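This report describes selected local features of a protein model, moving from the overall make-up of one chain to individual residues and to a pair of packed helices. Please read it alongside the sequence and the coordinates.

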Amino acid sequence: MNAEQIVEAVLFASDAPLRAEEIARADETLDEDRVEDALRALRSHYLESTRAFDLVEVAGGYQLLTRPEFAPYLDRFDTVPRTSRLSRPALEALAIIAYRQPIGRLEVEYVRGVGSAGVIRTLQDRELIEVVGRGEGLGRPLLYGTTPRFLEHFGFQSIDDLPHPEELPVVLRDRSLPLLPEEEG
Amino acid sequence: MLRSPAASAERDTDFGAAFLVEIDRFQGPLDLLMHLIRRQEFDIFDIPIARITDQFLAAIRGIGTTDLDSAGEFLEMAATLVRIKAQMLLPRPIDAEDEDPRAELVRRLLEYEQIRDITARLERSEADRSRRHAKGWVQPRQRTPDSDLPLDTTITEFLEVACGITLPEPIDTDHRVTPRTVSMEEKATLILSRLADEGRIEFARLLAPFRHDPMHGVMTFLAGLELSRRRAIHLQQARPFHTLWFIDRADAPLEADQEPFATMYPTSDEEARTR
């Protein structure tokens with residue numbers, strides 16, 4: 001049994017992304033580096049052998065996922081789990097929270113110009129955001145931040161996969177950017 | 001920097017032309033304001049406040065009293081606009097470091113626009129991710145510890161029940177994938193090809209050739225909803241149980257591609273409010 005096979009077995013049996021150090025728990029002969037090596041080998045192996053799935057880095061972990069071009073075939077089956085997509089308002093609120101976390105409900109509402117208690121609850125129920133602390137202001141408002149599920153839902157490796165300000169076409173480039181977490185201080 | 005208000009002599013003499021907007025279509029006051037500015041190609045850094053204020057007020061005139069929260073949001077913006085309009089009319093000291101009264105509004109609009117842009121990108125990432133599937137996952141069964149269940153049964157009761165039992169057929173627990181008899185993708189393709197020819201089509205007419213099987217109706221309807229959600233087509237129904245139209249995105253009414261969903265269904269915010 002070589003390392004590659006063990007790692008493959010663990011990934012195959014898992015329904016969620018696993019980090020290298022989690023995979024290493026499978027056997028005493030494994031450590032994070034050996035797992036990383038095995039992951040690299042597996043990935044190129046899958047690519048060469050034109051499998052219908054490949055090894056994807058998601059939310060800081062690794063997962064076997066089918067290649068996108070097979071979606072039309074899988075969509076014909078009821079039992080293939082389908083991820084439900086978020087509504088526009090929910091995505092808007094999530095975008096604001098992702099960039100300005102930790103952030104309270106009132107600030108989200110100020111940016112959107114509309115009440116957001118409902119969408120924030122939806123995002124919480126779907127475990128895309130969570131309460132990460134309390135603000136200083138009146139009533140010590142709850143502050144929200146994104147969760148690892150958020151990264152998984154959008155297929156991001158880390159929060160850095162969000163579009164950077166310099167990629168955004170809006171004129172804000174040369175102005176102060178109130179959206180960026182680092183400018184929050 | 002923002003130009004001084006004096007430089008932007010505002011002419012709202014030509015405001016008289018009918019300026020109808022459907023308020024329900026907008027997600028909030030910033031959305032409506034942005035629409036008014038974009039539609040008339042105004043410079044966002046030099047918004048003709050008097051004109052925009054009049055148009056905004058005209059647009060929200062018909063706003064219902066059924067949804068007070070949402071009415072409040074639009075009215076708050078209206079008040080802000082009126083205040084800015086008044087400030088623009090007042091003479092301001094020339095030396096002033098004084099900010100243009102519109103500055104905060106412009107900042108909010110730009111920020112809102114940027115959020116909209118990020119939202120569109122998130123939507124694309126979400127769609128890309130949804131095209132990849134992980135291994136199927138089945139929720140593990142909940143187990144109640146035996147010790148939690150008190151026993152209160154006599155042996156006679158037990159025997160009576162035991163004799164009455166007919167053993168059920170063993171349940172097939174294999175994870176099995178079953179194709180639908182009518183595929184939604186086929187229906188989606190059908191809808192799109194008919195729309196490419198005709199621009200718009202009634203739901204009932206799409207079903208005409210398949211009267212024998214109600215499944216066709218269900219899948220055509222689901223395909224319609226799915227396409228509308230992907231913003232590929234626009235759905236229109238004048239009132240409940242009335243003719244349901246599938247409309248090609250290109251033929252849809254103004255800006256229908258922007259928010260076909262919001263026009264038909266309450267957003268979750270609105271749902272929350274009605275609770």
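Chain A contains eight helices and five strands, and, read from the N terminus, its elements follow the order α-α-α-β-β-α-α-β-α-α-β-β-α. The model is a predicted one, and this applies to every value given here. Of the 185 residues in chain A, 43% are buried. When contacts in chain A between residues at least 6 apart in sequence are considered, 45% of them join residues at least 24 apart.

A residue of chain A with contacts to both chains is D54(A), which lies in strand β1, spanning residues 53-58 of chain A. Is D54(A) buried or exposed? Its relative accessibility is 13%, and because the cut-off for a buried residue is under 20%, D54(A) counts as buried. Within chain A, the side chain of D54(A) forms a polar contact of 2.9 Å with the side chain of R67(A), while in chain B the side chain of R132(B) is its partner in a polar contact of 2.3 Å. Leaving aside residues up to four places away in sequence, D54(A) touches Y46(A), Q63(A), L64(A), L65(A), R67(A) and R132(B), so that both of the arginines named as polar partners also appear in this list of contacts.

Backbone geometry is the next topic. In chain A, the peptide bond that joins Q101(A) and P102(A) is cis, with an omega of about -5°, and P102(A) is placed in the loop between α5 (88-100) and β3 (103-104) of chain A. Two residues that are not glycines have a positive phi, namely T50(A) and F241(B), and the table sets out their values.

| Residue | Phi | Loop | Relative accessible area |
|---|---|---|---|
| T50(A) | about 45° | between α3 (32-48) and β1 of chain A | 65% |
| F241(B) | about 70° | between β2 (233-237) and β3 (244-248) of chain B | 85% |

With a relative accessible area of 65%, T50(A) is exposed, and F241(B), at 85%, is likewise exposed.

In chain B, which helices are considered as a packed pair? Helix α1 (residues 29-39) of chain B packs against helix α2 (residues 49-60) of chain B at an angle of about 125°, and their axes lie 11 Å apart. Because an angle that falls between 115 and 145 degrees is neither roughly perpendicular nor roughly antiparallel, α1(B) and α2(B) are classed as oblique to each other, and their crossing is right-handed. On the side of α1(B), the contact is made by P29(B), L32(B), L33(B), L36(B) and I37(B), and on the side of α2(B) by I52(B), Q55(B), F56(B), A59(B) and I60(B). Sorted by class, the contact of α1(B) with α2(B) comprises nine nonpolar residues, one polar residue and no charged residues.

Elsewhere in chain B, V218(B) has its place in helix α8, which covers residues 214-229. At 41% relative accessibility, V218(B) counts as partly exposed, since this class lies between the limits of 20% and 50%. The C-alpha atom of V218(B) is separated by 9.2 Å from that of V182(B), a residue 36 residues apart from V218(B) along the chain.

Technical notes. Residues numbered from 1 in each chain as written. Chains lettered and ligands numbered in written order. Predicted model: local features only at pLDDT ≥ 70, side-chain atom pairs only at ≥ 80, totals over all residues. Heavy atoms only, no water. Helix = DSSP H or I, 4+ residues; strand = E, 2+ residues; numbered from the N terminus. Buried < 20%, exposed > 50% of the residue type's maximum accessible area, 1.4 Å probe, protein only. Polar contact = N/O pair within 3.5 Å; in protein donor to acceptor, adjacent residues only side chain to side chain. Contact = heavy atoms within 4.5 Å. Axes fitted to C-alpha atoms, helices over the stretch in contact; angles between N-to-C directions. Parallel < 35°, antiparallel > 145°, perpendicular 65-115°, else oblique. Left-handed = near helix turned anticlockwise from the far one by under 90°. Nonpolar A, V, L, I, M, F, W, Y, C, P; charged D, E, K, R; others polar.
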